[in-house]
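Reader: I have a new structure open in front of me, and I would like to learn how to read its features. Could you walk me through it?

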Amino acid sequence: MSIIQFSISSNQKKLTISFDNNLQISLSFEYLRVFSPTSANPKQGNTPPEVFHKKNVQLTLIEPLGKYGHRLVFDDKHSAIFSDDI
């Protein structure tokens, strides 16, 4: 399964991802922001910060990272890399 299109709806605050097998999923910006990967490393004593209350966050940019994945950038200056592996 490969991603063929991203559709950002700022009004509805959601991202729709279309795949080559006609599957589409929609995820809210809040969900993506709250559950985004973090760079904290628990083995080094770092714990990921808990993130709540991001109902008003906006997704501002999606950057492809070659065959690896995509970086999602939010308006609160947070960015996260999501793998294309499903």
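Reader: Let us start with empty space. What volume does the largest pocket have?

Author: Happy to help. Rolling a probe the size of a water molecule over the atoms shows where empty space is left. In this predicted model, the largest pocket has a volume of about 340 Å³. Its lining is made up of 19 residues, and the closest to the centre are Ile-17, Ile-25, Leu-27, Phe-82 and Ser-83.

Reader: Which elements give two or more residues to that lining?

Author: Look for strands E1 (3–9), E2 (14–19), E3 (24–28), E5 (69–74) and E6 (79–83), together with helix H1 (29–34). The most comes from E2, with 3 residues.

Reader: And what classes of residue make up the lining of the largest pocket?

Author: Sorted by class, that lining has 15 nonpolar residues, 2 polar ones and 2 charged ones.

Reader: Let us turn to charges. How many salt bridges does the structure hold?

Author: There are 4 salt bridges in the structure. To read one, look for a side-chain nitrogen of Lys or Arg within 4 Å of a carboxyl oxygen of Asp or Glu. Take Arg-33 and Asp-76: their closest N and O atoms are 2.8 Å apart, and the two form a salt bridge. Arg-33 sits in helix H1 and Asp-76 in the loop between E5 and E6, so this pair ties together parts that are 43 residues apart in sequence.

Reader: Is Arg-33 buried or exposed, and why?

Author: The cut-off helps here: buried means under 20% relative accessible area, exposed means over 50%, and partly exposed lies in between. Arg-33 has 9% relative accessibility, so Arg-33 counts as buried. Its partner Asp-76, at 28%, counts as partly exposed.

Reader: Which side chain does Lys-54 meet in a salt bridge?

Author: Lys-54 meets the side chain of Asp-76, with 2.9 Å from N to O. Lys-54 belongs to the loop between H1 and strand E4 (59–65), while Asp-76 is in the loop between E5 and E6, so the pair ties together parts 22 residues apart in sequence. Put the pieces together and you have a network of salt bridges linking Arg-33, Lys-54 and Asp-76.

Reader: Where should I look for another example?

Author: Try Glu-63 and Arg-71, whose side chains meet in a salt bridge at 2.8 Å, N to O. Glu-63 has 29% relative accessibility and therefore counts as partly exposed. Arg-71, at 26%, also counts as partly exposed.

Conventions: Residues numbered from 1 in each chain as written. Predicted model: local features only at pLDDT ≥ 70, side-chain atom pairs only at ≥ 80, totals over all residues. Heavy atoms only, no water. 1 Å grid on protein atoms, 1.4 Å probe; cavity = no way out; pocket = protein on both sides within 12 Å on 5 of 7 lines; lining within 4 Å. Points joined across faces, edges and corners; volume = space filled by probe spheres on them. Helix = DSSP H or I, 4+ residues; strand = E, 2+ residues; numbered from the N terminus. Nonpolar A, V, L, I, M, F, W, Y, C, P; charged D, E, K, R; others polar. Buried < 20%, exposed > 50% of the residue type's maximum accessible area, 1.4 Å probe, protein only.
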